[in-house]
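Please open the structure in your viewer and keep the selection panel at hand. The tour below moves from the whole chain to single residues, saying at each stop what to select and what is there.

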Amino acid sequence: MTQAGKKKKRAVNRSIMLAKKIIIKDGGTPQGIGSPSVYHAVIVIFLEFFAWGLLTAPTLGVLHETFPKHTFLMNGLIQGVKGLLSFLSAPLIGALSDVWGRKSFLLLTVFFTCAPIPLMKISPWWYFAVISVSGVFAVTFSVVFAYVADITQEHERSMAYGLVSATFAASLVTSPAIGAYLGRAYGDSLVVVLATAIALLDICFILVAVPESLPEKMRPASWGAPISWEQADPFASLKKVGQDSIVLLICITVFLSYLPEAGQYSSFFLYLRQIMGFSSESVAAFIAVLGILSIIAQTIVLSLLMRSIGNKNTILLGLGFQILQLAWYGFGSEPWMMWAAGAVAAMSSITFPAVSALVSRTADADQQGVVQGMITGIRGLCNGLGPALYGFIFYIFHVELNELPMPESSSGGSVVAQYHLQQNSIIPGPPFLFGACSVLLALLVALFIPEHTNLNVRSSNWKKHCGSHGHPHSPQAPGEAKEPLLQDTNV
């Protein structure tokens with residue numbers, strides 16, 4: 001090696017050591033308060049989504065004011081671009097966090113995910129533009145699940161993931177109602193300032209209190225290791241789908257059932273507010289009730305059904321509830337119908353946990369990461385396609401408002417008569433009816449999935465890839481069936 005090459009190598013090593021010291025104190029002790037724990041991850045998740053939950057009601061109003069003629073189409077495009085960017089970037093960010101550590105990427109994802117918040121009152125156009133672009137870094141859950149996996153044993157991980165998911169649900173149960181009340185009493189500007197302050201608090205908490213979960217694994221040799229395309233390829237898991245007929249049936253079921261669910265999450269609260277005439281408080285109450293019922297369904301009800309009727313029948317029952325829910329949303333024209341369908345929607349939330357449990361029970365031990373990675377990848381793809389598809393269907397059927405919402409009446413409810421569809425709209429919610437048809441196809445496919453089978457997916461290269469940084473891509477290990485009620489790309 002030449003003298004110049006040796007000097008260059010020494011300079012690179014010094015740069016690596018300097019960057020390493022930024023994250024790790026001298027002596028190898030992680031920066032932060034105490035040892036890395038699940039509670040650090042829980043607080044990060046709670047603060048981020050509590051801040052966004054506060055903006056639920058203001059965002060719905062600003063969205064319609066900014067795009068009065070094509071509200072649902074633009075909402076679908078914004079959320080679709082964000083979801084698609086998240087799907088494309090999640091593997092790369094996950095792989096980089098395996099090298100550089102979790103803390104720096106927690107800071108990065110939270111900062112860029114919350115960056116659009118103060119722009120709501122500064123410039124609505126920039127607000128929605130930055131939301132779309134922020135999808136590149138809107139993968140906080142991936143990094144958090146990796147953080148939790150670093151500091152927990154395998155038998156503890158299911159409970160830890162459940163705690164993170166429950167915290168996510170709890171933040172959305174409370175924050176929309178608080179934001180709606182403050183917005184009505186003091187104006188939306190106060191809500192935006194409060195959400196910005198909570199987001200800054202989250203960033204400060206990560207900087208000061210969150211310790212790095214990977215100090216012992218950070219070595220100069222690994223820091224200089226290149227990231228291969230296989231590690232950053234978002235379609236790596238999807239390439240294995242067709243190699244086993246049972247895996248193919250499961251993945252088709254997940255795609256057909258989650259595509260309408262992702263689209264529904266992106267537009268349903270706007271649909272309640274602008275089309276069905278719900279007040280801001282009613283939307284917040286709907287989110288809270290649906291969240292609580294979903295938590296009950298995914299814990300108590302799910303465990304009872306799994307023991308009594310079996311795994312496959314639980315999946316079929318969940319798909320049946322989802323068909324009923326979507327059809328009810330599609331044909332419902334009164335607010336009480338939305339409330340009744342919401343209760344059914346809570347029961348439909350058992351579908352994906354049951355699918356994950358089926359996979360974890362039937363796949364071989366060395367195939368868990370591969371198959372779970374396929375399912376996670378398909379859901380990520382649906383997070384991009386679903387919102388755009390729903391927005392396009394709303395646009396095709398001309399489901400828009402003819403005028404801005406009227407002030408709310410003294411009784412606290414909205415003047416429903418002012419919320420009306422164009423005369424050429426065939427049904428109140430055409431995308432929901434389309435979603436019901438899609439889930440019906442998923443139900444027919446799921447009928448052919450055997451109750452007990454051994455999944456055999458060839459994974460020579462992918463297994464190695466999954467083993468080195470499988471946490472961000474497939475956070476659900478065997479038996480870990482719980483998922484957040486909403487994806488962090490769709491809040």
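How many helices and how many strands does the chain have? The chain has 20 helices and zero strands, where helices (H or I, at least four residues) and strands (E, at least two) are DSSP runs, numbered from the N terminus. Before going further, note that this is a predicted model, in which local features need pLDDT of at least 70 and side-chain atom pairs count only at pLDDT 80 or more, while totals for chains, interfaces and linings use all residues. Residues are numbered from 1 along each chain as its sequence is written, and side-chain values use heavy atoms, with hydrogens and water left out.

**The whole chain**

Colour the chain by accessibility: of its 491 residues, 57% count as buried, a word that stands for under 20% relative accessible area, with exposed meaning over 50% and partly exposed in between (1.4 Å probe, protein chains only). If you then display contacts (heavy atoms within 4.5 Å), those between residues at least 6 apart in sequence join, in 85% of cases, residues at least 24 apart.

**The largest nonpolar core**

Next, select Leu55, Val164, Ile250, Phe268, Tyr271, Leu272 and Met338, which touch the most other members of the largest nonpolar core, a set of 115 residues. Such a core consists of buried Ala, Val, Leu, Ile, Met, Phe, Trp, Tyr and Cys residues joined through side-chain atoms within 4.5 Å. Helix α13 (residues 245-274) gives the most to this core, with 14 residues, and at least three residues are drawn from each of domain 1 (32-214) and domain 2 (237-400 + 429-451), the bounds of which come from an automatic or database domain assignment.

Stay with Tyr271 and show its surroundings: not counting residues up to four places away in sequence, Tyr271 touches Phe72, Met276, Tyr329, Gly332, Met338, Phe394, Pro428, Gly429 and Phe432. One of these, Pro428, is found in the loop between α18 (368-396) and α19 (430-446), and at 18% relative accessibility Pro428 counts as buried. Adding Phe397 to the selection gives a C-alpha separation of 9.5 Å from Pro428, across 31 residues of the chain.

**Helices α13 and α14**

Two packed helices are described by the angle between their axes and the distance between the axes. Select α13 together with helix α14 (residues 280-308): their axes come within 9 Å and cross at roughly 145 degrees, the axes being lines fitted to C-alpha atoms, for helices over the stretch in contact, and the angles running from 0 to 180 degrees between N-to-C directions. The crossing is right-handed, that is, the near helix is turned clockwise from the far one by less than a right angle, whereas anticlockwise would be left-handed. To see the contact itself, show Phe268, Phe269, Leu272 and Arg273 of α13 against Ser280, Val283, Phe286 and Ile287 of α14.

**Helix α3**

Move to α3 (residues 56-66), which is largely enclosed by the rest of the structure because nine of its eleven residues are buried; among them are Thr56, Pro58, Leu60 and His64. Thr56 has a relative accessible area of 16%, and a polar atom of its side chain lies 2.8 Å from the backbone oxygen of Gly53. Setting aside residues up to four places away in sequence, Thr56 touches Pro176 and Ile287.

**Helix α15**

Which residues does Leu319 contact, leaving aside its neighbours within four places in sequence? Select Leu319 in helix α15 (residues 311-331) and you will find Thr253, Ser257, Thr351, Val439, Ala442, Leu443 and Ala446 in contact with Leu319. Leu319 is buried, with a relative accessible area of 0%, and its C-alpha atom is 6.4 Å from that of Ser348, 29 residues apart along the chain. Lys312, also found in α15, counts as buried at 17% relative accessibility; beyond its neighbours within four places in sequence, Lys312 is in contact with Ala446, Leu447, Phe448, Ile449 and Glu451.

**Helix α9**

Finish at Ser165 in helix α9 (residues 154-186), which is buried, with a relative accessible area of 7%. Add Val42, and the C-alpha atoms of Ser165 and Val42 are 8.8 Å apart in space, although the two residues are 123 residues apart in sequence.

Note on methods: Polar contact = N/O pair within 3.5 Å; in protein donor to acceptor, adjacent residues only side chain to side chain.
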